[in-house]
Amino acid sequence: MTSSTTSRRAFIGAAGATALAAPAIATAQGQTKTWRVQCAWASGAGLDAFNAWAGSMIERTGGELAFEGRKSGGYVGDFDVYDAMQAGTIEAANVFTIYSQRMSPAGAFLSSYPLAMRAPHEWDTFYYGLGGLDIAREIYARNNLYFVGPIHHGPNIIHAKKPIQYIDDFRGLRMRTPGGMVAALFNELGAETVTLPGSEIMGAFQRGEIDAADFVGPAANYAYGFSQETQYISMGPAGFMSVYQPVDLMDLTVSLDAWNALSPQMQRVVEAEVHAYSDIHHAAIQAADQAAWKQFEADGTKVTRITDSEVDLMTKIMGPIWIDYATRDPDATRVFKIQLDYMTSGSLGYVERVMYDFFVGQL
C-alpha cells in the first residue's frame, strides 16, 4: 500500500462524516464538474494531506464535483494563481493567504502577521465569529474570486546559516520573506529581504543568494532539504514558536465563475469540507513536525530562540508598521480594527489599552 493511498484512506476515515453525511447530489445528467486545483505545497505532509483530500472529493460530493489537484507549480507559478483563476486556466487554489496582499492591502491582515494573534482558534474566531469571512469574500469578489475559508497549517520558522537570538543578528542578513509586513519588520531590523515562492528557496540557498529564509514549519522545510544548506533554526521564546507568523494561514480560493456554477447546496458542502479539512490538515502537519524535529537534530541543526526582551523591542518596532499597513485602504483599516479590538480584549490582552488608544487615534 502506498503512502498516498494510506493518507487518502485516513482522510476519508477521519473526515468522511462531514460530506458523506450530506445528500448525494450528482447532477441530473450524471455529469461531474472537475476543478483544476493547485496546492501551494511542493512535497511533504502538507502535499500528502492535500492529495488525499483532493482525491476523495468526488466521493464526498456524491459525484458532482472532482478536484484535479496538482502540487506547487503544477499548473502555474505560485504567485500567478490568482491571475490563472481569473483567466480560467485553473478553477481553484489552495494557496497561502498572505499572497492575497498582491491584490488588496487588506490581504496583509487576512493571515498571520508579526506580533499579532498567535493561535489557530484566534484566527477562527476572527473569520467565523467576528465578521472576517464576510469581509474577505467582499474583497475577493471584486477580483472575480471567492474566498471559501481559511486552512490552518502552523507557525513559520527561520532557517539560517548563523545563530539568531538578538535583533542585531538580523543586521545585514540576506533573508527570504513572503513580503508585506514580515519583510517590513525584518527590513527595519536591518536585514536585506527578498521575496521568493517556497519552491525557489532551496535553489537560492545553494547559489549563495540568501543567508536565511522564513518558511512554514519543520516537516515541510525538512522535506525541502533546508538542513542540507543551513545549520540553525531561529524561533521565538518557548511557547511562542514564531513571533512574525505564528499562525500562517492557507485557504481555498475559487474562481467566482466556477463557484457560481455550483448549486447552493453544493456550495454549502464545499464550505463545510474546507472547514473540516483545515482541522485535519493542521493536525497532520503538527504530527509530521514532531518527527521532523528528530531529523533536524540528527542532521546537527541547532535551535536558537529570540529572548523575551527582544520580543518586547520588536513589538515596539512593529506598532508603526501595523498602522502603516492598516491605513493603506478602508478594507485594511476595518479588518485591523476588528483584530485590534480582539487583541486588546480580556480574552487575549496582547495589546495594552494605552497602545490601543494610540493606534485608534492613528486610524
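## A tour from Asp-169 to Trp-259

Select Asp-169 to begin: this residue is buried but forms no salt bridge, and the nearest side chain of opposite charge, that of Lys-162, is 4.9 Å away. A salt bridge would need a side-chain nitrogen of Lys or Arg within 4 Å of a carboxyl oxygen. Keep in mind that the model is predicted. Asp-169 sits in the loop that runs between β5 (157–160) and β6 (174–177). Now show its contacts: leaving aside residues up to four places away in sequence, Asp-169 touches Lys-162, Pro-163 and Ile-164.

Next, follow the chain into β6 and select Met-175. Which residue of β7 stands opposite Met-175? The partner there is Thr-193. Strand β7 covers residues 192–195, and four bridges join β7 to β6 in a parallel arrangement. Add helix α6 (residues 180–188) to the selection: β6, α6 and β7 together make a right-handed β-α-β unit.

Then select strand β8 (residues 212–215). It pairs with β6 over two bridges, again in the parallel sense. In β8, Ala-212 stands opposite Met-175.

Finally, move to helix α9 (residues 256–260) and select Trp-259, which lies within that helix. Is Trp-259 buried or exposed? Trp-259 counts as buried because its relative accessibility is 2%, and the cut-off for buried is under 20%. With residues up to four places away in sequence left out, Trp-259 touches Trp-35, Tyr-146, Val-148, Val-254, Gln-267, Val-270 and Glu-271. To end, draw a distance from the C-alpha atom of Trp-259 to that of Met-314: the two residues are 55 residues apart along the chain, and the atoms are separated by 41 Å.

Note on methods: Residues numbered from 1 in each chain as written. Predicted model: local features only at pLDDT ≥ 70, side-chain atom pairs only at ≥ 80, totals over all residues. Heavy atoms only, no water. Buried < 20%, exposed > 50% of the residue type's maximum accessible area, 1.4 Å probe, protein only. Lys, Arg positive; Asp, Glu negative; His and termini not counted. Contact = heavy atoms within 4.5 Å. Pairing = 2+ DSSP bridges. Right-handed = clockwise from strand over helix to strand, strands pointing away.
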